[in-house]
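I am opening my notebook to write down what I looked up, one entry at a time. I begin with how helices pack and then turn to the ligand.

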Amino acid sequence: MRITIIAGARPNFVKISPLIREIEKANADGHSLEYSLVHTGQHYDQNMSGAFFEELEIPLPNINLAVGSGSQAEQTASILIQFENYLLINPTDLVIVVGDVTSTMACAIVTKKLGIKLAHIEGGIRSYDMTMPEEINRRVTDSITDYFFTTSDTANLNLKSEGVSDNRIFFVGNVMIDTLLYFKSRFKRNPNFDLWNLTKGKYFVLTLHRPSNVDNKGLLCDLLKTIDENCKGNPVVFPVHPRTEKILKSINFQSKNIIYSKPMGYLEFNYLVQNSMGVITDSGGITEETTVLGIPCITLRENTERPETCTIGTNELIGTDPGNLPPYMKKIIEKKWKKGGIPPLWDGMSSGRIISHIVKLFENERR
Ligand code: UD1
């Protein structure tokens, strides 16, 4: 059986690492799964891409489509043309896409147009906010997916309410957590940790990259100002995403407590999170990681496609109004944050379940 795996942007790399490990394990156990890895090149910097391949032990891709920067339409168009060419020369039985980035949607479209089976890992999650590019990507992808591998019961219910039959939905848990737990013992201290005077449990971590927070300079400034004024002198480490960096360069914002850094590798970033007092973010994946690490997390978004991080985990969704931040930051500083639990099947074994389902599905088809 031939499988083609797609990865394009930073969160994808975290999701494909355990899948590839499980495919190799299955082959060692006597199965014969031939896989190829396609990197679309949506993220291309060493610190957004290369470092993740090295740290997460991902083999070099068979091809890098090198789509690079551009509008989402430009990135999509380039992937459509190039990935079609690739699949025509490199036939496959199944394409696996993960997550909700532009590359996920573009490769899904090419796959189905060529009549190839499509699996979506992290299928079925919905923010119901069509202003988010990721929600459009999720909806388009899921409208043509054959096999859905889901992270939560909410995702299962969403898919069922959209008419997907039970036999195409596989509730397997969360592959991001497979990576988190597998690499936890290797998390490493950033060499700047001491230079920045950080003490365990006495600093915040901040990440911001969503267009809704960072493309509006006024809002970005107000968010940073509020965080700076309400951290009570605790440092706030802010690994800056390239999208945010471009905008930050054009505004003149001075802060006392915010420490700006380049985007970090996976092992250093998660060391930082694991030892922090709390995280302020607009990322979806980070809310899953903080839930499993038991670290308080404030999400600067109006909605989430990962409600279990709030209902079960340590996440609080507070909207994007900077005025909402102070009481939540105070709760973290005063150690009055809620205790969280771990959502079902976020146990580090999701990729193993996915690969056994795939093996069975294709064995049944051959019979
Ligand atoms: C993308 C995903 C988002 C995901 C995020 C994680 C989409 C629509 N969005 O957003 O879901 O949470 O990645 O990082 O797919 N850039 C660099 N170097 C890089 C990569 C990007 O400088 O290695 C610059 C680009 O030139 C662009 C900006 O960063 O100006 C944004 O990159 P892009 O891939 O368009 O989307 P993200 O905002 O990263």
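**Entry 1: H10 and H11**

I looked first at H10 and helix H11 (residues 242-249), and I noted that their axes come within 11 Å and cross at roughly 95 degrees. Angles from 65 to 115 degrees count as roughly perpendicular, and therefore I wrote down H10 as roughly perpendicular to H11. I then listed who makes the contact, and found Lys217, Leu220 and Leu224 on the H10 side, with Thr244, Ile247 and Leu248 on the H11 side. Sorted by class, this contact of H10 with H11 has four nonpolar residues, one polar residue and one charged residue. I should keep in mind that this is a predicted model.

**Entry 2: H10 and H15**

I stayed with H10, which spans residues 217-230, and looked up how it packs with helix H15 (residues 325-333): the angle is about 35 degrees, and the axes are 10 Å apart. I also recorded the hand of the crossing, which is right-handed where H10 passes H15. The contact is made by Leu223, Thr226, Ile227 and Asn230 of H10, together with Leu325, Pro326, Met329 and Ile333 of H15. By class I noted six nonpolar and two polar residues in the contact of H10 with H15, and no charged ones.

**Entry 3: H7 and H13**

Next I turned to helix H7 (residues 175-183) and helix H13 (residues 284-293), which pack at an angle of about 50 degrees with their axes 10 Å apart. H7 and H13 are therefore oblique to each other, and I noted that their crossing is right-handed. From H7 the contact draws on Met176, Ile177, Leu180 and Leu181, while H13 brings Gly285, Glu288, Glu289, Val292 and Leu293. The classes in this contact of H7 with H13 are six nonpolar residues, one polar residue and two charged residues.

**Entry 4: the ligand**

How many residues surround the ligand, and which are the closest? I found 21 around the ligand, and the closest are Gln42, His43, Ser69, Glu134 and Lys246. For His43 I looked further, and an N or O atom of its side chain is 2.8 Å from an oxygen atom of the ligand. At threonine 102 the partner is a polar backbone atom, which is 2.8 Å from an oxygen atom of the ligand. Last, I noted arginine 243, where a polar side-chain atom lies 3.3 Å from an oxygen atom of the ligand.

Terms used. Residues numbered from 1 in each chain as written. Predicted model: local features only at pLDDT ≥ 70, side-chain atom pairs only at ≥ 80, totals over all residues. Heavy atoms only, no water. Axes fitted to C-alpha atoms, helices over the stretch in contact; angles between N-to-C directions. Helix = DSSP H or I, 4+ residues; strand = E, 2+ residues; numbered from the N terminus. Parallel < 35°, antiparallel > 145°, perpendicular 65-115°, else oblique. Left-handed = near helix turned anticlockwise from the far one by under 90°. Contact = heavy atoms within 4.5 Å. Nonpolar A, V, L, I, M, F, W, Y, C, P; charged D, E, K, R; others polar. Near = heavy atom within 4 Å. Polar contact = N/O pair within 3.5 Å; in protein donor to acceptor, adjacent residues only side chain to side chain.
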